[in-house]
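Colleague: I have this model open on my screen and would like a close look at one part of it. Could you walk me through how its helices pack, and then what lies around them?

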Amino acid sequence: MQTKPAEIDDGDADWQGLHHREIAPKDWLRYEGNIAEIFRALGMDLETPGTASTPARFLKAMFDATEGYEKDAKLVTACRISQIVEGPIPFYSLCEHHSLPFFGHAYVGYIAHDRIIGISKLTRLVRLFARRFTLQERIGREIVDALEEILHAHGVAVYLEATHLCTQMRGVRELESKTRTSFWRGNYDTDPELRAGFFRMCHLPG
């Protein structure tokens with residue numbers, strides 16, 4: 001298997017994010033006005049001390065909650081070892097279907113080829129893809145794709161478990177269910193015992 005040189009140069013790879021986001025002050029005001037119009041249409045009274053600034057706070061909260069669209073320069077730091085499993089890594093995201101939150105925990109494992117990234121970088125990688133308008137299935141695929149690209153690992157495993165408010169606040173209003181997704185690459189995909197070992201290390205039912 002061909003490996004990259006010691007210094008990783010992934011250019012504008014998708015896992016690094018898109019760009020630094022900037023919103024001009026006049027655009028912020030315009031967006032706040034649009035949000036206020038929507039909130040009024042939904043029945044919110046914006047003339048009270050507690051709600052007068054709600055559109056501005058909501059816009060700022062959405063900006064913070066989607067910071068995963070920006071690059072994280074601290075992700076690419078490598079060293080050498082064999083294998084690592086990390087979790088539970090808490091994450092919060094926004095469903096692109098209804099813009100409602102879903103949140104839970106991620107477990108990430110990989111079998112190193114000749115390098116690893118620092119443990120904190122796994123948390124950064126999860127949050128990079130979670131803090132966007134997205135889907136749980138997409139987050140898992142993006143994490144395994146990024147780790148394969150960064151590390152050329154022999155195997156990558158990602159397990160996500162999340163609560164989706166779009167199923168609790170609307171639709172079927174299912175209050176107890178959780179959505180679980182797993183993603184396997186390389187040795188994890190071909191070796192059932194390795195997958196079982198991953199679940200055991202994460203203290204999860206496999």
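Is the crossing of helix 1 and helix 2 left-handed or right-handed?

Modeller: Happy to take you through it, and please keep in mind that this is a predicted model. The crossing you ask about, between helix 1 and helix 2, is right-handed. Helix 1 covers residues 25-41, and helix 2 covers residues 54-65. Their axes come within 8 Å and cross at roughly 115 degrees. An angle of 65 to 115 degrees counts as roughly perpendicular, and helix 1 and helix 2 are therefore roughly perpendicular to each other.

If you display the side chains, you can follow the contact from both sides. Helix 1 brings Trp-28, Tyr-31, Glu-32, Ile-35, Ala-36 and Phe-39, while helix 2 answers with Thr-54, Pro-55, Ala-56, Phe-58, Leu-59, Lys-60 and Phe-63. Sorted by class, the residues of this contact are 10 nonpolar, one polar and two charged.

Some of these residues turn up again in the second largest pocket. That pocket holds about 190 Å³ of space, and its lining includes Ile-35, Phe-58, Leu-59 and Phe-63. The other residues lining it are Arg-21, Ile-23, Met-62, Thr-66, Ser-99 and Phe-133. Helix 2 gives the most to this lining, with four residues. By class, seven residues of the lining are nonpolar, two are polar and one is charged.

Now compare the other helix pair. Helix 3 (119-130) and helix 4 (136-151) have axes that come within 9 Å and cross at roughly 135 degrees. That angle makes helix 3 oblique to helix 4. The crossing of helix 3 and helix 4 is right-handed. On the helix 3 side the contact is made by Leu-122, Leu-125, Val-126, Phe-129 and Ala-130, and on the helix 4 side by Ile-139, Glu-142, Ile-143, Ala-146 and Leu-147. Here the classes come to nine nonpolar, no polar and one charged.

Helix 3 also leads us to the largest pocket, with a volume of about 220 Å³. Helix 3 and strand 2 (83-95) each supply at least two residues of its lining. Going along the chain, the lining takes in Glu-67, Gly-68, Glu-70, Lys-71 and Asp-72, then Pro-90, Phe-91 and Tyr-92, and finally Arg-124, Arg-127, Leu-128 and Arg-131. Seven of the lining residues are charged, four are nonpolar and one is polar.

While you are at strand 2, look at Pro-88, which is placed in that strand. A cis peptide bond joins Gly-87 and Pro-88, with omega at about 0 degrees. Another backbone detail is at His-152, in the loop between helix 4 and strand 6 (155-164). His-152 is not a glycine, yet has a positive phi of about 55 degrees.

One last stop is Leu-100, in the loop between strand 2 and strand 3 (101-111). Leaving aside neighbours within four places in sequence, Leu-100 is in contact with Ser-93, Leu-94 and Cys-95, and also with Leu-165, Cys-166, Met-169 and Arg-170. The C-alpha atoms of Leu-100 and Thr-167 are separated by 9.6 Å, although these two residues are 67 residues apart along the chain.

Definitions and conventions
Residues are numbered from 1 along each chain as its sequence is written. This is a predicted model: local features need pLDDT of at least 70, side-chain atom pairs count only at pLDDT 80 or more; totals for chains, interfaces and linings use all residues. Side-chain values use heavy atoms; hydrogens and water are left out. On a 1 Å grid over the protein atoms alone, a cavity is a set of points where a 1.4 Å probe fits but cannot get out, and a pocket is an open set with protein on both sides within 12 Å along at least five of seven lines; lining residues have an atom within 4 Å of a point. Grid points are joined across faces, edges and corners, and a volume is the space filled by probe spheres set on the points. Ala, Val, Leu, Ile, Met, Phe, Trp, Tyr, Cys and Pro count as nonpolar, Asp, Glu, Lys and Arg as charged, and the others, Gly among them, as polar. Axes are lines fitted to C-alpha atoms, for helices over the stretch in contact, and angles run from 0 to 180 degrees between N-to-C directions. Angles under 35 degrees count as roughly parallel, over 145 as roughly antiparallel, 65 to 115 as roughly perpendicular and the rest as oblique. A crossing is left-handed if the near helix is turned anticlockwise from the far one by less than a right angle, and right-handed if clockwise. Contact means heavy atoms within 4.5 Å.
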